[in-house]
Amino acid sequence: MRLLFPAATALGAVAIGVAHYLAFVHVPMESTMGAVQRIFYFHVPSAWLFYLGALLCFGASLGYLINRKARWDAFAHASAETGLVFGLIVVVTGPLWARPVWGVWWNWEPRLTTMSLVLLMFAAYWVVRAFGGPGQGVRRFAAVLAVFAGPSIYFVRVAVNRWGGVHPPAETASRSDDVIKLTMYTCFFLLLFVFGLLLRIRYRAHRDALTVRAVRRRLARLGGI
Amino acid sequence: MDRPLRTLRALAFAATLSAAGLALAQTPAADAPASAAGDEVPNAGEVVDTFETSPDLEPMRYRHLWIAYSAIWLLVFGFMFRTYKKSEATQAELELLKRRLADLEGKNGD
């Protein structure tokens with residue numbers, strides 16, 4: 001059992017290597033965008049993983065508000081942080097793709113605007129958790145924020161089909177050539193594995209912090225602090 | 001929390017806001033391709049054996065690809081490193097507190 005996590009980490013490193021091989025060597029050049037299209041093999045799966053992190057945070061926050069167990073809050077916190085990392089990947093790589101393809105770094109069209117708003121909500125969640133301290137009030141406030149921010153993912157998802165804009169629609173991946181589609185989905189599952197590992201180590205760190213607080217309280221009761 | 005870390009976070013937040021401001025203020029570049037105007041690209045999502053390169057855009061495409069993947073791994077490894085440091089500090093504190101607790105409980109038991 002002790003070897004499970006190091007083995008999983010090694011497997012994660014292999015997954016990263018395989019994902020790079022697929023994105024850079026296996027898949028041929030795309031016909032309209034050239035080399036810069038290869039950003040999509042990490043950009044699109046990262047967006048899906050941001051949604052996943054947001055939804056996990058939403059579910060765990062709801063759970064925390066119902067049963068007030070600190071473990072739920074720790075899981076929500078870890079999910080938000082891990083999701084935020086993938087959300088940042090999306091907003092960093094998106095403009096780098098857009099500049100040679102659209103000619104601009106950014107466009108305030110529906111998908112990009114809704115994505116930035118939801119990302120800012122989770123950035124606010126992170127700021128509250130990072131600077132608010134460990135108090136119960138802060139945890140409750142953050143949980144309520146996540147409960148509002150989580151379902152907003154729906155608006156990001158449907159933005160292109162509902163309100164138009166220049167962003168490629170959500171179905172682009174499934175409509176693409178087979179090799180592009182297969183590479184995209186394989187990269188998603190490999191990055192999902194990396195997401196799981198990151199979530200696990202972050203959750204463990206928050207659980208350890210909870211244990212530290214519990215031991216501190218016990219010490220305080222015994223007069224050791 | 002460490003003061004330098006707080007400053008770094010505040011700077012990162014300010015940089016994000018500045019980037020958003022710059023994005024809002026920008027106008028389309030002169031070398032913008034047709035798709036910038038929202039035109040449909042007829043064969044997007046298809047793979048080709050030979051790719052017709054655009055001499056103006058080609059270096060930018062490779063440069064941006066390189067920057068994008070560097071940024072991805074900077075973010076992922078930065079997150080992993082931060083988590084590792086946090087875990088290490090928490091584990092060290094936990095060990096110390098447990099030792100202190102064991103000493104105290106031993107004393108109270110005597």
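**Exercise 1. Describe how helix H1 of chain A passes helix H8 of chain A, and how the two are oriented.**

Solution. H1(A) passes H8(A) in a left-handed crossing. This is a predicted model, and the geometry below is computed from its coordinates.

Step 1: take the angle and the separation. H1 covers residues 4–26 of chain A and H8 covers residues 178–222 of chain A; they pack at an angle of about 155°, and their axes are 9 Å apart.

Step 2: classify the angle. Angles over 145 degrees count as roughly antiparallel. H1(A) and H8(A) are therefore roughly antiparallel to each other.

Step 3: list the residues that meet. On the H1(A) side they include A:Ala8, A:Gly12, A:Ala15, A:Ala19 and A:Ala23. On the H8(A) side they include A:Thr183, A:Cys187, A:Leu190, A:Phe193 and A:Leu197. By class, this contact of H1(A) with H8(A) has 13 nonpolar, 5 polar and no charged residues.

**Exercise 2. Decide whether A:Ala23 is buried or exposed, and find its contacts beyond its sequence neighbours.**

Solution. Step 1: place the residue. A:Ala23 is found in helix H1 of chain A.

Step 2: count neighbours. A residue needs 20 or more other C-beta atoms within 10 Å to be buried. A:Ala23 has 21 C-beta neighbours inside 10 Å, so A:Ala23 counts as buried.

Step 3: look past the residues within four places in sequence. A:Ala23 is then in contact with A:Arg38, A:Tyr41, A:Phe42, A:Thr183 and A:Cys187. Two of these names, A:Thr183 and A:Cys187, also appear on the H8(A) side of the contact with H1(A).

Step 4: check one pair by distance. A:Ala23 and A:Arg38 are 15 residues apart in sequence, and their C-alpha atoms are 6.1 Å apart in space.

**Exercise 3. Work out how H4(A) is oriented to H5(A) and to H6(A), and which residues meet.**

Solution. Step 1: start with H5. The axes of H4(A) and helix H5 (residues 136–149) of chain A come within 10 Å and cross at roughly 170°. H4(A) and H5(A) are therefore roughly antiparallel to each other.

Step 2: list that contact. A:Val118, A:Met121, A:Phe122, A:Ala124, A:Tyr125, A:Val128 and A:Arg129 in H4(A) face a set in H5(A) that they meet, including A:Val138, A:Phe141 and A:Leu145. The residues of this contact of H4(A) with H5(A) divide into 12 nonpolar, no polar and 1 charged.

Step 3: turn to H6. Helix H4 (residues 110–131) and helix H6 (residues 153–163) of chain A cross at roughly 170°, and their axes come within 8 Å. H4(A) and H6(A) are therefore roughly antiparallel to each other.

Step 4: list the second contact. A:Pro110, A:Arg111, A:Thr114, A:Met115 and A:Val118 in H4(A) meet residues of H6(A), among them A:Phe155, A:Val156 and A:Trp163. The contact of H4(A) with H6(A) has 9 nonpolar, 1 polar and 1 charged residue.

Step 5: compare the lists. A:Val118 of H4(A) appears in the contact with H5(A) and in the contact with H6(A).

**Exercise 4. Characterise two residues outside the helices, A:Arg68 and A:Gly223.**

Solution. Step 1: A:Arg68 sits in the loop between helix H2 (40–67) and helix H3 (70–102) of chain A. Its phi is near 55°, a positive value in a residue other than glycine. With 13 other C-beta atoms within 10 Å, A:Arg68 is partly exposed.

Step 2: A:Gly223 lies in the segment after H8 of chain A. A:Gly223 has 8 other C-beta atoms within 10 Å and is therefore exposed. Its C-alpha atom is separated by 34 Å from that of A:Arg200, 23 residues away along the chain.

**Exercise 5. Summarise each chain and state where the model calls for caution.**

Solution. Step 1: chain A has 8 helices and 0 strands. Its C-alpha atoms fill a box of roughly 70 × 45 × 25 Å along the principal axes. Of its 225 residues, 45% are buried. Among contacts between residues at least 6 apart in sequence, 77% join residues at least 24 apart.

Step 2: chain B has 2 helices and 0 strands. Buried residues make up 8% of its 110 residues.

Step 3: check confidence. The predictor gives the complex an ipTM of 0.85 and a pTM of 0.81. Chain B averages a pLDDT of 71, and 52% of its residues score at least 70. Over residues 34–42 of chain B, pLDDT stays under 50, and the model has 10 contacts for them beyond four places in sequence. Where pLDDT is low, the predicted coordinates should not be read in detail.

Key. Residues numbered from 1 in each chain as written. Chains lettered and ligands numbered in written order. Predicted model: local features only at pLDDT ≥ 70, side-chain atom pairs only at ≥ 80, totals over all residues. Axes fitted to C-alpha atoms, helices over the stretch in contact; angles between N-to-C directions. Helix = DSSP H or I, 4+ residues; strand = E, 2+ residues; numbered from the N terminus. Parallel < 35°, antiparallel > 145°, perpendicular 65-115°, else oblique. Left-handed = near helix turned anticlockwise from the far one by under 90°. Contact = placed C-beta atoms within 7 Å. Nonpolar A, V, L, I, M, F, W, Y, C, P; charged D, E, K, R; others polar. Buried ≥ 20, exposed ≤ 12 C-beta atoms within 10 Å, placed from the backbone. pLDDT = per-residue confidence, 0-100.
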